[in-house]
Amino acid sequence: MTAEPDFDVVVVGAGIAGCVTAYRLAQAGRSVALVERGAAPGSKNLSGGVLYSRGLEEVFPDLLERAPIERRITRNYLQLLNAESAVGIDYQDRRLAEPVNAVTVLRARFDPWLAEQCEEAGADLLSGVRVDGVLREDGRVVGVRAGEDELRAHVVVAADGVNSFLARSAGLRGREPLHHLALGVKAVVALPEERLRERFHLTGDEGVAYAVVGDCTRGVGGGGFLYTNRASLSVGVVLRLDDLVAKGEDSAAVFDHFLAHPFVAPLLEGGEVVEYGSHLVAEGGLAMLGEVVTDGMVVVGDAAGLTINTGLTVRGMDLAVASGVAAASAVGRALDAGDTSRDGLAGYRRELLGSTAGRDLQTYAKAPAFLERERMYHDYGALLGDVLHRVYDHDLTPRRHLLDVARAELRRSPVRVRDLVRDGLAGVRAL
Amino acid sequence: MRTTSVPDRLAANSYVTDEEQPHIRVDQELARRTGCGDRLIAVCPAKVYSREADGTIGVEHAACLECGACLAVADPGVLEWTYPRGGFGVAFREG
């Protein structure tokens, strides 16, 4: 005989996707257990740091007043980094602050607040509990196993991150192809608030997000980032695992190279590393979104492989929010209908793909393949740097028209005109 | 900023080390046969893996940042890798 469930829903992982799912379901009067393996929520979580916040504000309308956010991003800096030069596009816009569009967060501070909202809504938070796998009966998931303990529920929500051992345990995920994964290596560098504001031309709680491509990864596919927090910087590299392995590079050495780069080091001057972390990043986009529903279980957030990287914007946390919202409503309906089978829960995938985030996932389906083009990481930045060098370096040779300069530099560059055309067209289609 | 070594950086982190149950095990024989040791050593940003004098792969599990990169790049079967027991392991204070 099947034992009575302890809860309507067990959510595994108190990150953003798990907390949003738990909050919505608890708010709707369901009994919810929120299980977290860290001693406290957020203690196992690491993100680059930029959260596109509008979606989460729909869940918590007073988010920006109450949650521990770091800074509102009003400045986006795209930097093409070369060994001897850097070319930047510095985009600042007051409209990004009204209404607020993106904020920086530090997860060890932000996630405890989210989990607290879940508890206030009535969810039971169980911290310091590692879930080892799913409990199955007659082929369906009926709960989770943690050491000697079992927790039974009508529905299990796997929100256990990019490595999702739970989704693997339920047979929903296999070994991920390496090109779907990237390794993020990050440090938090403390810097006095006043100095940080001066250095990055910020007032009040405004912040800047740097996206860096080129000579920051020693040729490994990926890029660098630097985000301002209140009184620290989040700085790091994201390295495609297949390329990291193929090139035999050492991840810590690549990280060192980025931090010591002559165009990055001055930004960190006087800072102190207060934390060092790493995290796998889902990079496959829509192609990585696997099965997200089985009998008695749904998969949300990173565990479902939900991220979008367009090169200009890197998104994960807002997709986690969207999946949590979609999962909570589908799980709620399935519980109402008394059908938590795969069919009963199938509304989750439909709702997820129909949401703005899900539609974005489809819009950018070709972005991951586009970003695998090697030229993106050295040749274009170098070409642009060389053209600008000819423009600004008055070396007593007669000036030439810009178009002639560009043509000459293109001839010297490994980039061919047909590459430019191909990559340009692919970029237009993918992004 | 003065340059920092990996051990310096890790020293700034907060860890609750599980002395009783290491969460990483290497099948040394399989690691040797597949030759994936160098890959583990290079990919891990915390330098958990090292080459011992006898050619085997050393594991300093206490330094682990729990990212899972080693498991993703290891040949199947080489690593037995789980998260540390509940409450143990790295405890991020910033994130």
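**Where chain B meets chain A**

Let me begin with one pair of residues, A:Arg37 and B:Glu66, whose side chains come together in a salt bridge with an N to O distance of 2.7 Å. I should say straight away that this is a predicted model, and that the values I quote are computed from it.

That pair belongs to a wider set, since the count of salt bridges between chain B and chain A is 5, and there are also 26 residue pairs in polar contact across the two chains, with both residues at pLDDT 80 or more. On the chain B side, at least two residues each are supplied by helix 1 (6–11), helix 3 (37–43), helix 4 (69–73) and strand 6 (89–90). If we sort the side of chain B that touches chain A by class, we find 24 nonpolar, 8 polar and 8 charged residues.

Turning to the contact as a whole, 49 residues come from chain A and 40 residues from chain B. The size of an interface is often given as the accessible area that is lost when the parts come together. Here, the area buried between chain B and chain A is about 3,600 Å², and carbon and sulfur atoms give 55% of that area.

Finally, I would like to point to a feature on the surface of chain A, where A:Leu384, A:Leu388, A:Val391, A:Tyr392 and A:Leu402 make a nonpolar patch of about 480 Å². The element that gives the most to this patch is helix 15 of chain A, residues 379–392, with 4 residues, and A:Leu384 is found in that helix.

Technical notes:
Residues numbered from 1 in each chain as written. Chains lettered and ligands numbered in written order. Predicted model: local features only at pLDDT ≥ 70, side-chain atom pairs only at ≥ 80, totals over all residues. Heavy atoms only, no water. Contact = heavy atoms within 4.5 Å. Buried area = accessible area lost by both parts, 1.4 Å probe. Salt bridge = Lys/Arg side-chain N within 4 Å of Asp/Glu carboxyl O. Polar contact = N/O pair within 3.5 Å; in protein donor to acceptor, adjacent residues only side chain to side chain. Nonpolar A, V, L, I, M, F, W, Y, C, P; charged D, E, K, R; others polar. Patch = residues over 30% accessible without salt bridge, like charges linked within 9 Å, V, L, I, M, F, W, Y side chains within 5 Å. Areas by Shrake-Rupley, 256 points an atom, 1.4 Å probe, with all protein chains shown as cover.
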